[in-house]
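Hi,

Here is the structure I promised to pass along. Have a look at it first, and then read my notes below.

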Amino acid sequence: MKFSGGVHPAYHKDTAGLQIEAMPLLHRYVVPIAQHLGAPGKVLVAKGDRVARWQPLSEPVGFVSVPVHAPTSGTVKQVAALPHPLGRPMLAVEIESDGEDRPWEGLAPPADWRRLEPAELRRAIQAAGVVGMGGATFPTHVKLSPPAEKKVDLLILNGAECEPYLTADHRVMLEQAAEVMEGLGLMMRVLGVTRACVGIESNKPDALEALRRACPADVAAEFTLLETKYPQGSEKHLIYALSGRRVPPGGLPMDVGCVVQNVGTAVACLEAVRDGLPMTERVATVTGAAINVPHNLRVRVGAPLLDVLAHCGGVTPDVGKVIFGGPMMGIGQFDMDVPLIKGTSGVLCLRDDEAVLFEGGPCIRCGACVDACPMGLVPSAMGLIAERFRFEELGDWHILDCIECGSCAYVCPSRRPLVQHFKRGKAEWRDILEERRAKTDRDAKRAETAATA
Amino acid sequence: MLVPTVVLSGIGLLAGLGLALAARAFAVETDPRQDRITEALPGANCGGCGFAGCGDFAGAVVRGDAKPDGCPVCDQETRRLVASIVGQTVQDRAPQVALILCQGGDDVAAKKYRYNGLASCASAALLGGGDKACSAGCLGLGDCQRVCAFGAVEMTPSGVARIIPARCTACGLCVAACPKDLIKLVPVEATIHVLCSNHDRGPAAKKACTVACLGCKKCEKSFTGDPRIRVADFLAYIDYEHAPDDPALAALCPTGSLVYRGDAAPAAERTT
């Protein structure tokens with residue numbers, strides 16, 4: 001099935017043919033404590049401590065929280081607020097490597113996922129700090145723990161990789177096909193589902209073939225080649241394309257019996273259980289016209305951006321912008337001191353002439369954004385309202401359904417900064433809802449007091 | 001000529017009678033105290049009290065939902081009058097004025113990236129806290145200016161907001177509008193201020209802005225054992241209850257973030 005809307009940006013998947021290369025050990029790593037959506041963990045180490053590879057640096061606080069682990073052995077140089085790819089400095093552990101790469105003695109013993117209970121698997125996945133590797137970094141064990149009243153019957157493996165430039169998932173599917181499918185089987189066991197769908201965009205038929213061949217006999221998976229269209233890899237659109245189910249506004253995939261997991265996440269879950277290894281590395285695509293030697297890199301989490309760029313031959317003199325993630329939803333970086341984190345699927349280096357800043361013009365009501373919006377919203381109207389600070393009207397336009405995919409801004413002939421308007425508008429609309437809720441509560445309390453008096 | 005005159009007058013009389021009856025039949029009962037309070041209030045409908053305007057606030061006072069001194073704009077006499085209408089008394093309070101605790105314009109403060117989105121501080125603040133290298137600095141896109149009902153906020157040529165004390169009524173709308181929490185209400189008669197909100201250590205603060213408070217404690221040390229100026233978390237604070245009034249103090253500050261404004265205390269020129 002095809003979802004309506006969406007766009008066809010130039011794909012630039014130039015690195016698709018490059019084998020994943022392991023990044024050599026660096027002398028310094030900066031591991032932010034908050035690399036996932038949810039409560040940041042509690043730091044377990046202090047300045048001067050010796051740590052071993054895979055040793056936990058933090059412990060989760062609460063259910064929606066995961067630990068982070070040391071990417072190599074060495075000494076803790078500092079625990080401080082350091083530059084973070086999300087823009088604001090955040091608490092991080094800086095480790096000076098001792099070059100030994102000595103593994104931690106406390107690692108969980110290797111186990112066979114086919115013999116473990118779902119609860120044990122979930123615990124192992126949380127302890128290993130596994131988060132969604134598509135970029136949103138939602139803790140994986142939470143997604144794998146649907147409440148009893150939400151019956152999940154379908155696990156979807158997301159290999160769409162619809163962001164232009166990025167090829168990390170593509171290479172993982174080709175080079176680690178067996179692990180991806182084992183990981184899928186593991187996650188199916190955790191959820192207790194018997195049906196799984198694998199969705200891959202039609203520009204990667206080789207990946208689909210590799211996964212099909214590597215599929216173990218006891219993993220029941222269906223394989224679908226999807227239309228190549230952005231944002232095919234968005235959870236809601238992938239679910240619709242593969243099952244025809246529509247996630248209700250404000251709802252979650254589990255409301256329609258689905259859970260979606262990225263292919264990299266599947267591998268991380270498998271490694272957490274099969275080898276007992278925490279998530280301390282990921283595959284990231286370093287690409288763009290302004291990087292000298294593009295790579296698909298297996299990089300340890302916490303590797304400083306400058307070292308990664310240097311390993312790829314450095315940036316060209318005409319570099320204009322460095323983005324973490326893809327060009328559509330990635331985050332532009334202004335500080336080259338940031339580390340790569342669990343959610344960094346790629347580092348995109350654009351030339352100055354590619355990264356032009358446009359002055360947004362007035363809306364000409366052409367409706368191109370309305371056709372492009374994959375959520376069926378009306379970005380033109382929402383943009384005009386947000387621009388005039390009339391945030392209280394945005395609820396009527398279902399602003400909270402916007403997935404910030406950027407399709408509207410991509411097609412806008414006036415180059416309006418629509419996604420920025422919507423990000424602000426969402427924040428303001430949430431505040432308004434919060435205020436209204438507080439007021440209702442106050443009124444109810446007052447009515448109660450009046451009634452008793 | 002006569003017929004149309006009579007007909008039209010008749011229609012007018014009938015309609016007038018209808019209106020008069022309707023006004024009687026559908027009259028909305030209001031507490032007479034609400035009207036008296038509304039009359040006493042400044043009538044600028046600025047919303048500084050948190051209600052939809054002076055009338056709404058008056059209704060809230062009568063219902064007991066707002067305190068009679070809840071209007072931040074009016075003077076002490078009006079507050080007393082409002083309170084007496086509902087049979088209450090109010091405490092005297094020193095007149096206040098808003099103050100922007102940042103003077104980091106483009107000439108002194110570094111930027112960390114080029115921002116070309118919506119011209120609103122709250123939007124810019126979503127992008128890594130804004131384009132100023134200083135984590136606390138004024139973004140200069142005028143959210144405070146936009147909400148001010150009295151035209152009391154101006155933007156300096158170097159792109160930082162400044163309060164015009166003569167117009168400020170201390171309604172507090174700008175305080176709520178600033179995404180960087182840079183605006184504070186201070187006593188009108190206070191003369192010495194720390195115009196910085198940066199909590200970074202000295203070297204980091206200095207790198208971001210040349211007029212930042214470095215937390216060097218030179219000002220604090222001039223009042224040994226006295227809480228009038230104290231440094232906490234690398235930022236100096238004035239205790240406005242016992243604010244010092246000494247132009248020589250400002251000279252102690254190596255960066256100029258401690259400022260003396262002897263002329264900054266004109267009685268606010270009220271709009272009422």
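In what order do the four strands of the open sheet in chain A run? Before I get to that, please keep in mind that this is a predicted model.

The order is 2-7-6-4, and the pairing is antiparallel. As general background, strands of a sheet pair through backbone hydrogen bonds, either parallel or antiparallel. At the edges of this sheet in chain A you'll find strand 2 (28-32) and strand 4 (50-51); each has a single partner strand, so one side of each is left without a neighbour in the sheet. For strand 4 of chain A, there is an antiparallel pairing with strand 6 (residues 74-82) of chain A, over two bridges. If you want a spot to zoom in on, Arg50(A) sits opposite Thr75(A), which belongs to strand 6 of chain A.

Now the domains. Chain A is assigned domain 1 (26-97 + 278-351), domain 2 (111-275) and domain 3 (368-452). Taken over C-alpha atoms, the centres of domain 2 and domain 3 of chain A are 31 Å apart. Six residues from domain 2 of chain A and seven residues from domain 3 of chain A make up the contact between them. On the domain 2 side of chain A, the residues touching domain 3 are three nonpolar and three polar, with no charged ones.

Last, the two chains. Chain B puts twelve residues in contact with 13 residues of chain A. The chain B side of that contact splits into five nonpolar, five polar and two charged residues.

Cheers

Note on methods
Residues numbered from 1 in each chain as written. Chains lettered and ligands numbered in written order. Predicted model: local features only at pLDDT ≥ 70, side-chain atom pairs only at ≥ 80, totals over all residues. Domains from an automatic or database assignment. Contact = placed C-beta atoms within 7 Å. Nonpolar A, V, L, I, M, F, W, Y, C, P; charged D, E, K, R; others polar. Pairing = 2+ DSSP bridges.
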